[in-house]
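Here are my notes on the model, as numbered points. Please read them with the coordinates open.

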Amino acid sequence: MSDYVIPAPKIPTIPVDGGGEFPVRRVYCIGRNYAAHSIEMGDDPDRDPPFFFQKNPNNLDASGDFPYPSQTSDVHYEVEMAVALKTGGTNIATEDALDHVFGYAPCLDMTRRDLQGEAKKKGRPWEIGKAFERSGPIGPLQRVADVGHPDNGRVELLVNNEVQQEGDLNQMIWKVPEMISYLSDFFELEPGDVIMSGTPSGVGPIQKGDVMVVNIAGLKSLTVKVT
Ligand code: MN
């Protein structure tokens with residue numbers, strides 16, 4: 001028996017395609033990693049150093065449902081690819097970075113855009129807009145052994161069978177190995193860390209009843225219903 005003085009929190013997990021559960025330690029999300037999305041958010045997409053924010057590990061949700069969150073009237077989808085690490089370290093070289101990857105998953109960086117916008121205006125942190133309950137629909141996680149390291153091919157988001165976002169993995173400003181290397185200069189990466197690799201242009205609002213489908217070339221799809 002443990003000495004925990006309250007019930008221990010559950011370790012959040014992502015189901016792995018083919019069986020098993022991937023335990024999640026941290027979730028890092030990159031901002032503005034596709035030039036066209038950077039422009040639509042009012043920024044200059046030069047190659048400034050990347051910036052990251054975090055979601056909470058238990059914000060990831062493989063249930064297939066996205067309950068419309070509280071305290072907002074403008075929730076946006078952002079289609080992304082998640083990168084799940086099986087090993088970590090510090091000061092990881094770009095050329096070694098992919099050795100640390102367990103697998104990849106389609107995911108969504110759901111955003112309370114109205115609250116994020118207010119936070120940006122006031123120079124405040126983004127958690128209220130980004131790190132809320134069930135804000136990271138995700139899954140299934142697919143092993144490198146099965147899918148390799150996807151670095152080009154179509155990324156799209158359909159809402160009610162209509163394409164709303166489209167791009168190509170090869171349009172990422174910061175590639176997956178560069179993101180891992182950069183993060184490892186600032187943080188100790190460990191097994192269970194997940195990186196959400198940014199969204200192409202076309203972000204927009206959803207409503208209750210909408211069905212979102214994430215298709216990423218080479219990966220199985222993710223379907224999420226807004227409830
Ligand atoms: Mn995002």
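1. Strands β3 and β15 run parallel, joined by four bridges. In this pairing V27 has V194 of β15 as its bridge partner. Keep in mind throughout that the model is predicted.

2. β15 has a second neighbour. It pairs with β8 over three bridges, this time in the antiparallel sense. Here V83 stands opposite I195 of β15.

3. Are the faces of β15 covered or open? Both are covered. D193 and I195 point to one side, V194 and M196 to the other, and all four are buried. Note that V194, the partner of V27, and I195, opposite V83, are both in that buried set.

4. Helix α5 covers residues 176-186. Its buried residues are V176, P177, M179, I180, S181, L183 and S184. Which strands help to cover them? β3 (26-30), β4 (52-55), β8 (79-85), β9 (101-108) and β15 (193-196) are among the covering elements. So β15 should be viewed together with α5, because its residues D193, V194, I195 and M196 are buried and β15 is part of what covers the buried residues of the helix.

5. Now the metal site. Which residues donate to the manganese ion? The protein donors are E78 and E80, each through OE, and D109 through OD. They lie 2.0 to 2.1 Å from the ion. Along the sequence the donor residues follow the spacing E-x1-E-x28-D. E80 sits in strand β8 and D109 in the loop between β9 and β10 (111-112), so this pair ties together parts 29 residues apart in sequence.

6. Are these two donors buried or exposed? E80 counts as buried, at 1% relative accessibility. D109 is buried as well, with a relative accessible area of 0%. The strand that holds E80, β8, is also the antiparallel partner of β15.

7. Cysteines next. How many disulfides does a search of the whole structure find? Zero. C29 is in no disulfide, and the nearest cysteine sulfur, in C107, is 7.8 Å away. Why is there no bond from C107? Its sulfur is 7.8 Å from the closest cysteine sulfur, that of C29, and this is too far for a bond. Both residues are buried: C29 at 0% relative accessibility and C107 at 1%.

8. N59 deserves a look. It is found in the loop between β4 and β5 (60-61). At 0% relative accessibility, this asparagine counts as buried. What does N59 touch? Leaving aside residues up to four places away in sequence, its contacts are A131, F132, E133, R134, S135 and G136.

9. R134, one of those contacts of N59, has a backbone point of its own. Its phi is near 60°, a positive value in a residue other than glycine. R134 lies in the loop between α3 (127-130) and β11. It is partly exposed, with a relative accessible area of 31%.

10. N160 also has a positive phi, about 50°, although it is not a glycine. Its place is in the loop between β13 (154-159) and β14 (162-168). At a relative accessible area of 40%, N160 is partly exposed. Please inspect the backbone at both residues.

11. Where is the cis peptide bond to check? It joins G139 and P140, with omega at about -10°. P140 is placed in the loop between β11 (136-137) and β12 (142-143).

12. Finally, the overall picture. The protein has five helices and 18 strands. Its radius of gyration is 17 Å, close to the 17 Å that the globule rule gives for 227 residues, so the protein is as compact as a globular protein of that length. The C-alpha atoms fill a box of roughly 45 × 45 × 40 Å along the principal axes.

13. Burial and contacts complete the overview. Of the 227 residues, 48% are buried. Among contacts with a separation of 6 or more, 75% are between residues 24 or more positions apart. The accessible surface comes to about 10800 Å², and carbon and sulfur atoms account for 50% of that area.

Definitions and conventions:
Residues numbered from 1 in each chain as written. Predicted model: local features only at pLDDT ≥ 70, side-chain atom pairs only at ≥ 80, totals over all residues. Heavy atoms only, no water. Buried < 20%, exposed > 50% of the residue type's maximum accessible area, 1.4 Å probe, protein only. Helix = DSSP H or I, 4+ residues; strand = E, 2+ residues; numbered from the N terminus. Contact = heavy atoms within 4.5 Å. Donors = N, O, S within 2.8 Å, 3.2 Å for Na, K, Ca; no water. Disulfide = S-S within 2.5 Å. Rg over C-alpha atoms; globule rule 2.2 N^0.38 Å. Areas by Shrake-Rupley, 256 points an atom, 1.4 Å probe, with all protein chains shown as cover. Pairing = 2+ DSSP bridges.
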